Structure formats: C-alpha cells, structure tokens
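The exercises below concern one predicted model. Work through each task before reading its solution.

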Amino acid sequence: MASIVFAILFYFATLLLVVGLIYRINTYARTPAPLKIPTTPAPTTTGGVVLRLTREVVFFESLFKANLWIWSTGWLFHASMALVALRHLRYFTDPVWGWVAFIQPFGMYAGITMLLGLCGLWWRRLFVERIRYISTPSDHLMLLLLIGIAASGLLMTFVVHTDVIAVKGYFLGLMHLDIQVLPADLLLSVHLFLVVSLLVAFPFSKLLHAPGVFFSPTRNQKDDPREKRHLSAWAAKLESEKN
Amino acid sequence: MADITAPAYREFPIIPVLKPGSMEGKGPFVASDKINEAVGFPGHLVDDWHDKAIAKMGELLSKYRSFKVFMDACVHCGACTDKCHYFIGTQDPKNMPVARQDLMRSVYRRYFTLPGKLFPKLVGARDLTREVLDEWFNYYHQCSECRRCSVFCPYGIDTAEITMAAREILDSIGYGQKYSNEIIGKVHKIGNNLGLPGPALLDTLEGLEEDVKDAIGIDVRFPIDVKGAEVLLITPSADFFAEPHIDSLIGYAKVFHASGTSWTLSSMASEAGNFGMFIGNYEQLRKIALRIREAALELGVKRIVVGECGHAWRVAYSFWNTLSGVGDGAGEVDRFAQMLQKQLDHRYKQPTHICEFTWDLIERNALTFDKSLNDKHIITFHDSCNVARGSRMGDLPGGQFEIPRNIIKAVANNFVEMAPNTTREQTFCCGGGGGVLTDDLLELRVKGALPRMEVLKQSVDEHGVNFMATICAICKAQFTKVLPIYGFDRKMVGGVHQLVSNAIQLGQK
C-alpha cells in the first residue's frame, strides 16, 4: 500500500516540479529587462558575467560581504546539501558511478553539517530581533521541513538503519515505471514524505531563489550601455509610434 | 520644521534596535490635482483604485524582469536588514530593505501566487486595503533608491526597482508625491527642475562671466545655444545658481577654457536631472531624456558631456543610449538612434562625464594646476550612490571611484579616505536622493544622513577633514542643509570641480 502511495506521490511531485520550474524559468526568460541596471562595479564582458554569477552561486559572494553569520550558516547548509543530494544518486544509478561511490563518506557526514547549518539559520530567525521581524510562518516551516529531512536521514544513516538495498530497488523500479516494494519503515516514510513536500513546494515558494539568481538583472547584465544600444521590444514600440 | 534635531551618534556602529512605527505617517505631501494632471496622471485617488492598482502591478510584472524576479526570489535571509541608512537613522523596521519590499511582496503573493491565494496568513500575504496603500505611499517615499541593499543581497534584489514600481502604481491611480511630480511638470513646461526660464538663465550666465572676470581677470565664457559647438554640456540646473553647485559650474567652464574646447549649454535641455527615474515611469524617463537628444541634434554637437549630478549620470550612462540613442553601437537599421550616433564623435565615450573629460586632459598633461591653492582644505570624497552603484567612468569597472579621486589628488595636496565600508560601492546615501529632497521630508533626511555624518565626524576628529567633495547636485543640497544640524559648517561640502576651479591656472598652456 505504502509503495503505491509513495509511487503516486513521487510521480506527481516530480511532474509538478518539472512543469512548475519550466513555467517559472520560461516566464523569467521571456519577461523583458528594458533598462541596463547591473549593480556596479560590474563586469563588462560575458565572461566576466559568468564569473560573477559563478562566484555568487558557488561562494555566495554578496552574502559574504553582507553578514558573516548568515553567510557561514547559509553556505554550510547549501554546500552540505549539495553533497548530500549528490550522494543520493547512488539510489538512482546501477551500477553506481565511480565519483558517487567516492563521495559516499563525505556525503554522510555532510548530513550532519547540513543540520548544523539549518539550526544556525533557524536560531537567527528565532532570536535575532530584526530577522524575527521579517519572518513569516512559512519561513519557519521551510526550515523545519529541511531540518526534518536532514534529521530523519541522519537517523537512518547512523542510528536505525533501513534496508537501503530495497530502497534502491524501489527507486530504480520507479524510474522504469515498475513499482517494487518499499520497506515498511516509519523513519523512511517520514523522510520520503518530507522530500515529496519539498519538491511540491519548490515551484511555488521562495525556493525559486535558486533559478531566480540567474535571471537577476543586477547580477547577469554586462556593464556596456554606452557601447551597445539595449532596447526591449515594448520600449522599441514607443519609438516607432512617435518618430 | 525647526525643531528637527540630529539623532545621537552611535558610540559603536552597532545595529540599532527596532522602533516599530517610528516613521509612520511621516511621508511626504501628496500631489494636488493640478500637479498630477500636468504630468498626465489622474488628479486624485480614483474610485476603482484597488482594481487599477492590481492591474498596474500585473502590467509591471510582465514588463520588468527585475520586478518579477525580485518579488519571487527573496528568502528573508536578513542580509540587507542593517544596510539602509534610513533604517539605521530611524530604527523603523519598515525601513529595512526586505521589510520595505515586503510591503509590496505581501500584496504580490495575495493576488499573483497560488500559496498566497490559498493560505495568505502562512506566507505573509495580504489584501490591498486603503491602509496598505497609505503604507506604500509613506514608506516607498522613505527610500532614496540608492541601491546599497542590492550590493549585499545574494540575489541582487534591488529595492530601488520595487520602490519605483510602487511609485509608478501610486501615480497611475492618482496618489502621486507632490515634490517629484511638481518638478517633472516644471521640466516639461519650463525646461529644468528649478523652473528657471530661458531669459533668467541667460542673465545668470552673463553675471557669472562678469564674476569670473572680476575674480581672475580672464574672459571665461558660459555659452548657451551655440550651434556647431563641439561639446554640449548637460548639467543639473542647481549648478546655475545654488551654492556650492555654482562653483563647480565655474570649474567646468575653466576646464573648457583651458583646453580650448568649444562648448555650449542648451536652454531647451537646461537640466541633467531626470525625476522620471525616481517615479519609475518609463514614459516620463524617456520624454525627459529626449530633450537632450533634440538639443544635440539641433545644435549639431559632436560630444555630450554631463555635469556633476548623481542620478543624472546614472540615467545618462546607463539609460540614455536606450532612451534616446545618446551612445554608440546602434544596429544598422535602427534609424532613430543612428540619426544621432552618426553625428557624434566616437573617439570619445558618449555621453562623457565631466570628470572623465577633465581627467583625460590631466592625463594628457593639458591642464596646469597650482595645488597649493587648495592647501586650506583637508579633503575627503563622498561617493554618490547613483554614480557608485549605477554607472561607470572610464574603461574599467570601478573607474567611477578612481577618476574623481585622481582629479582631487591632481589638484590638491591633502586627501584622506573615509572608513572603507562606507565608500565606493558600499557608500551611504546622503539621505536626500531619489525624490526625497524636500522640506516635508526633512526629519527623514536628517535621520538618513546619520551613517554618513558619523563617518565624517570620525575623519574630522582623526584627520582634521574640513572639505567633503562630491559629484552630485542632490548630495550638495542635502549636505548643505543637514551639516549644520549635525554641528558642521555647511560650507564643508562642495564639488570636485570646485577644487579644480580653485587650482587651475588659465593662460599657461
């Protein structure tokens, strides 16, 4: 029974995530940026913009300048989560790719640092006056959701092991539309249910910061307004109407 | 307004505690019917303002990627919370950049996102009520669009873009701000923000020629409407008569004189400022910028040079090419832009900042200075927000910081920097930019100047600084007003070309 429920949930969540994200990204890409508004000093070449965005995405450069506490907890969480997510590729590949096998131990401990980072972020949200002021219930819930995912995952890794071979069989099966038996394990069910919730929330919530950063005109525009005329379609219409 | 006093300096620049509501109801005057209608906006709040506002918001979301992405991307991380000079000075939490954005974002979520429609409380979404609208008017006029928060945001969210959208929505339903809209009306009607008519301008310039002749015995000209001049100078109208602005205008004229450049002002385009940006209205921004194009075409100039004005330089540098074709690199079939670009001399950057113009001459050793004439000054430089974070000078990123400093060092002996986290791209706004330079917002302006005043105080105490140079007409006007409130001499502020003017030696080369 649980096997079928989770199969439906995962298919539904994946579909929603993919369609939702494509829709969002498409909207961002199609919405014009009529004026040149890079936050200067800004790169003057495309290569420079790629570097700027890379530094922003990999190192959180602007956040580093802003606040070391938010940067260190935020970066720790994101970098750890990236490792943890990559480690989970082992449940979706057979045979497991070499580098995925190699990062397994790092990915396991990254779960701990991910949880630490999340707790640090939540601590700030709860106890720093001005950050508490700007927080909505959904901000707290989002952190709790991620903390739940990390904690349930860590418990299965280090305390109450689950049958990972069966779990892998289940997900490989899902990928081939062949529903296998999911181990009946409360922790596993909690973990998977929270992950489904995260996937569903992604295209509707502030998690859109992930694609958003690539479309932010203050970060992705070249600083070359004097050298090249930049004109959006709707602004060009104003010219043809009157001149 | 005489009872406004300066807030106390913070002993250490720590993050202030919140004082909710401390700036409630302290927004600016609302524009009258006459003022709004002169700019083409509804005279007063329309009956169906709710639906109109939401419709306008939807329109802007489809026209501006910045607005759309910025509404979605914020994670409430708090990086920006202590970065705004108005928050530091007023302690009102709604002056924290993210909280200012959320005044709009909460409404965006309610009307444009699924979670906001289904679970408004959970995601902090709310209906657009009259109270919310008043809150918008109040707090979106307590932002100077200085972009300091955008430097620190991990997604580059620029509150200025959201403030502009809010003001655009407010104007579209007849809830405009008196100060900005009145000024835009003057530009259209008379030609400049100060409402200085052509004959008065001519008079002023003649008087200036006499004053300079009396002072240094040399005929420095201030030409206007000269067809066939090489350079068209577009400068803020405050340069024509306000103190200390006028001293920089004299500086530009001396540089043109010393380099033998034929130049002219234009009575049609006697204003560099463009308040269309402040109200976020593309049509106004464009209409005001087109005056410069017309003047350039009519006078047949080869170069367009812009005087010391912060937001004007952002508009000129970043937007003029888009709005009016003043620039380079228009497509072959782009007849509108080509018409002007064919006329301009592309050995030079178009447009050119007056500091780029002067620094180029200094580098080519074409100007002579007696630096000792500035020895009475111990000088520091206040980076103006729009120049620092919305433009560039020269060929390299950051030239907007180096070139004015290089000029100061070339014309004066005593230069010191202010604290590093308050200069260059991290500079603090003077507190008067973005359409708030009006006496009905004086309390806000005084409090918003606090972070800059603290750092100035420090450099006065440590280095004996007695002159703060800047290249912005609004900075100059704002500091002239607030410096005395903080116990400084109002003559401490001046332009970079005021220093150039002091030291330049005419008739030497």
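**Exercise 1.** Determine how H15(B) and H16(B) are oriented relative to each other.

*Solution.* Step 1: take the axes of H15(B) and of helix H16 (residues 310-324) of chain B, which come within 9 Å and cross at roughly 90°. Step 2: angles of 65 to 115 degrees count as roughly perpendicular, and H15(B) and H16(B) are therefore roughly perpendicular to each other. Step 3: list the residues that make the contact. H15(B) contributes Leu285(B), Arg286(B), Ala289(B), Leu290(B), Ile292(B) and Arg293(B), and H16(B) contributes Val315(B), Phe319(B), Trp320(B), Leu323(B) and Ser324(B). Step 4: sort the residues of this contact by class, which gives eight nonpolar, one polar and two charged.

**Exercise 2.** Check the span of helix H15 of chain B against the value expected at 1.5 Å a residue.

*Solution.* Step 1: H15(B) covers residues 282-299, which is 18 residues. Step 2: the expected span is 1.5 Å times one less than the number of residues, so H15(B) should span 26 Å. Step 3: the end C-alpha atoms of H15(B) are 26 Å apart, in agreement. Step 4: look just past the helix, where Gly300(B) follows with a positive phi, near 65°.

**Exercise 3.** Identify buried residues in H15(B).

*Solution.* Step 1: a residue is buried if 20 or more other C-beta atoms lie within 10 Å of its own. Step 2: apply this to H15(B); among the buried residues are Tyr282(B), Gln284(B), Lys287(B), Ile288(B), Arg291(B) and Ala296(B). Step 3: return to the contact with H16(B), to which Leu285(B), Arg286(B), Ala289(B), Ile292(B) and Arg293(B) belong; these residues are buried too.

Terms used: Residues numbered from 1 in each chain as written. Chains lettered and ligands numbered in written order. Predicted model: local features only at pLDDT ≥ 70, side-chain atom pairs only at ≥ 80, totals over all residues. Helix = DSSP H or I, 4+ residues; strand = E, 2+ residues; numbered from the N terminus. Buried ≥ 20, exposed ≤ 12 C-beta atoms within 10 Å, placed from the backbone. Axes fitted to C-alpha atoms, helices over the stretch in contact; angles between N-to-C directions. Parallel < 35°, antiparallel > 145°, perpendicular 65-115°, else oblique. Contact = placed C-beta atoms within 7 Å. Nonpolar A, V, L, I, M, F, W, Y, C, P; charged D, E, K, R; others polar.
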